[in-house]
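I opened this entry to keep track of what I looked up, item by item. My notes follow below.

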Amino acid sequence: MQKSCKNVYITTPIYYVNDIAHIGHAYTTIIADMLARYSRLVGHNTYLLTGTDEHGQKIAQSAEARGKTPKEYADEISGKFRALWDDFDISYDQFIRTTDENHKVGVQKAFSKMFEKGDIYKGEYEGFYCVPCETFYPESQLVDEQFCPECARATILVKEESYFFKLSKYEDKLLKWYEDNPDCILPRAKKNEIVNFVKNELKDLSISRTSFDWGVKLPESMNEPRHVMYVWLDALLNYTTALGYGTDEKNMDFWPANIHLVGKDILRFHAIYWPAFLMSLDLPLPKHIAAHGWWTRDGEKMSKSKGNVVNPKEVADAYGLDAFRYFLLREVPFGQDGDFSQKALINRINSDLGNDLGNLLNRIIGMSGKYFNFNVSSKDVEKFHKKELDEVNTIIDSLESYIYNMQINKYLEEIWKTLSIANKAITDYEPWNLMKENKEDEAMALVALITNIMSKASLLLDSVMPHKIKDIASSLGIEISTENYNKLIIEKKLIDDIKITKVDALFPRIEEVLLSQPEVSDVTVLQKDVSKYESKEELEPLELDGLNLITIDNFFETTIKIGTIVEANEVPKSSKLLILKVDLGENRTRQILAGIKEFYSASELIGTQACVVANLKPVKLMGYLSEGMLLAAKDEDGLSLIRPEKPKKIGTKIS
């Protein structure tokens, strides 16, 4: 993006109000905030939009299940999103809700214009609909002729009167747009799947529903009170209605969007449906649609049932908001899936932020205070350190291209190279020896070099960690401003004479995990019961096919496999325990003690399958070794083992 660009328009998706915000929502929003803050700093007139998507059958069903009206439920969840973004100091210019009256008016105007153009017609729709995904699928895309290919939930067969958008009409125009604009979809690799989808002959899109009424009504002029608009038509138009489309259009100068930020699961809607709608409305197309990947936790998909969903507020409160922002932006190349682990986060804080950034500031404070009463002058920097300055400026010259091409982790990697140059200069030139040799001018030039590098880095990192960077800038006596950005970054000038101010450590070293661990659920009933029988002796960890052994406190890191019970016997002198030999497809059978004698006889278990926690730390119970745990459920009607619905291959992992 060139400096001549006066208006920059950045959007997040509007988040669906079926649940509270998770790390994926925070990731998208923090990226958008970083881009907006950077754009403002470099002098662009910037508009950041976020908000919530509040219509559709799924919302109506969720509200009903909670005894609320759809609007009451939407108000509650939307309020939580907005409160979180305010708590995270997200610098949005507008928080739009699809229940806003201006939005509804704009959507109805768009519908009317597309209808008058001949791009909307009335017909009848019959197809398979996934309520959670708010998406129709042809039968050929279903899994096992019934289940959604995206979320694996059951679809419903829908047959109803519907209005259709002539999506097929825009196939050639879409393909030409993709071809003429190589970076319209980022990362570029994502564009191939979109092009292939479009080339497989687009079908016209059903854009109204009559089976529920929680949505934007069709324009009154159409006299169709039973119809509400398809939620994706309603939702996508927010990017223009937020600027006033269909009402006062006061901010339409910001259109087209520079960057639509989306998750990869909704790329198709944004890269196919949305540009086709815009073509129908004769509006310019967005410059970039940028799709990021998903986050896992410790290598596993997040889910409520596993208790491993990352709460972004909890992480920010525990480790600091700026550290959390830095981790998300640095850890994963944009577009790829990322893994959240507290170990990785702590390593980033201790290494990148503590050792490299924070410690460099401490060295500036220490050297300037010890040698020069905290005064720093740049007058001799170019004389003694032109080589280092040139290296730093060469790196900085390449940075903006990384920002707007969504290579934010690369942007940060390059900034850290400048910090490495600074730290290396201290090692190479040894200011303590320069002072011993009475080379005060050289020592001052070195301290000033480091201070200048830190000042430039501060301007470049302000959009990433705005709160901590303001502390650094305050210590260095500089202001984070467009004027200083132009001076130090664009014009490559040096800082004026300044006086350094002491600050507390910005990133204290973290030695332990701060987040709460998932609680153990009722599925551990067997292990809880077993623990009551006798005192148990923990054994040294055993290596079992390379699995990492765990304790019950780490239950949700378990590996669960299908096993076949090949032998079963009663434990003498125990009224509850059976001793089982279970085949998990390993090079030997496992011996497992299970407290199920009251509910199963030994003979009826032989040859049956069960779900086995395969990496539980071995224990001794009543003198017998137990190398795993069977899963079961227990209620007032008794206990039942958890088994596969159909026989499965021995050793099959459960996920």
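I started with disulfides. The count came to 0. I note here that the model is a predicted one. A disulfide needs two cysteine sulfur atoms within 2.5 Å, so no cysteine pair in this model meets that cut-off.

I then turned to individual cysteines. Cys 611 has a relative accessible area of 5%. The limit for buried is under 20%, so I logged Cys 611 as buried.

**Four cysteines in the record**

Which residues does UniProt list under "binding site"? The unreviewed entry gives Cys 130, Cys 133, Cys 148 and Cys 151. I checked whether they sit together. In sequence they span 22 residues, but no two of their C-alpha atoms are more than 8.7 Å apart, so the four gather at one spot.

Next I took the accessibility of three of them. Cys 130 is at 0% relative accessibility and counts as buried. Cys 133 is at 22%, which makes it partly exposed. Cys 151 is also partly exposed, with a relative accessible area of 24%. The cut-off for buried is under 20%, so Cys 133 at 22% falls outside it.

I placed two of them on the fold. Cys 133 is in the loop that joins β4 (120–130) to β5 (135–137). Cys 151 is in the loop between β5 and β6 (156–165).

What does Cys 133 contact, once neighbours within four places in sequence are set aside? I found Lys 58, Cys 148, Glu 150, Cys 151 and Trp 232. Two of the recorded cysteines, Cys 148 and Cys 151, are on that list. I ran Cys 151 under the same exclusion. Its contacts are Cys 130, Pro 132 and Cys 133.

**The 'HIGH' region**

The unreviewed UniProt entry also places a short sequence motif, the 'HIGH' region, at residues 15–25. I looked at the shape of that span. Its end C-alpha atoms are 8 Å apart. The span is 27% helix and 18% strand.

**Cores**

I went to the largest nonpolar core, which holds 182 residues. Which members touch the most other members? They are Trp 85 and Tyr 178.

I listed the contacts of Trp 85, leaving out residues up to four places away in sequence. They include Tyr 15, Ala 21 and His 25, which fall in the span 15–25 that UniProt marks as the 'HIGH' region. Ala 26, Thr 29, Thr 50, Ile 90, Tyr 92 and Phe 95 are on the list as well.

There is a second, separate core of 19 residues. Among its members are Ala 568, Leu 578, Val 582 and Leu 630.

**Sheets**

Thr 50 and Phe 95 came up again when I traced the strands. Thr 50 stands opposite Phe 95 in β3. Strand β2 (residues 45–53) and β3 run parallel and are joined by 4 bridges. Both strands belong to an open sheet of 6 strands, ordered β3-β2-β1-β11-β12-β7, with parallel pairing. Which strands are at the edges? They are β3 (94–97) and β7 (185–186), each paired on one side only.

I followed another open sheet, this one of 3 strands. Its order is β14-β13-β15 and its pairing is mixed. The edge strands are β14 (300–301) and β15 (338–340), each with a partner on one side only. Strand β13 (residues 295–297) pairs with β15 in the parallel sense over 3 bridges. Here Trp 295 stands opposite Gly 338 in β15.

**Domains and a long distance**

The chain is divided into domain 1 (341–499) and domain 2 (552–653). How far apart are the domain centres? I read 59 Å, taken over C-alpha atoms.

I picked Gly 369 for a distance check. Gly 369 lies in helix α12 (residues 342–372). At 22% relative accessibility, Gly 369 counts as partly exposed. Gly 369 and Ala 152 are 217 residues apart in sequence, and their C-alpha atoms are 63 Å apart in space.

**Whole chain**

I closed with totals. The chain has 21 helices and 28 strands. Of its 655 residues, 56% count as buried. The C-alpha atoms fill a box of roughly 90 × 75 × 40 Å along the principal axes. Among contacts with a separation of 6 or more, residues 24 or more positions apart account for 75%.

Note on methods. Residues are numbered from 1 along each chain as its sequence is written. This is a predicted model: local features need pLDDT of at least 70, side-chain atom pairs count only at pLDDT 80 or more; totals for chains, interfaces and linings use all residues. Side-chain values use heavy atoms; hydrogens and water are left out. UniProt positions are given in the numbering used here, feature names are shortened, and annotations may be inferred rather than shown by experiment. Helices (H or I, at least four residues) and strands (E, at least two) are DSSP runs, numbered from the N terminus. Buried means under 20% relative accessible area, exposed over 50%, partly exposed in between (1.4 Å probe, protein chains only). Contact means heavy atoms within 4.5 Å. Two strands pair if DSSP finds at least two bridges between them. Domain bounds come from an automatic or database domain assignment. A nonpolar core is a set of buried Ala, Val, Leu, Ile, Met, Phe, Trp, Tyr and Cys residues joined through side-chain atoms within 4.5 Å.
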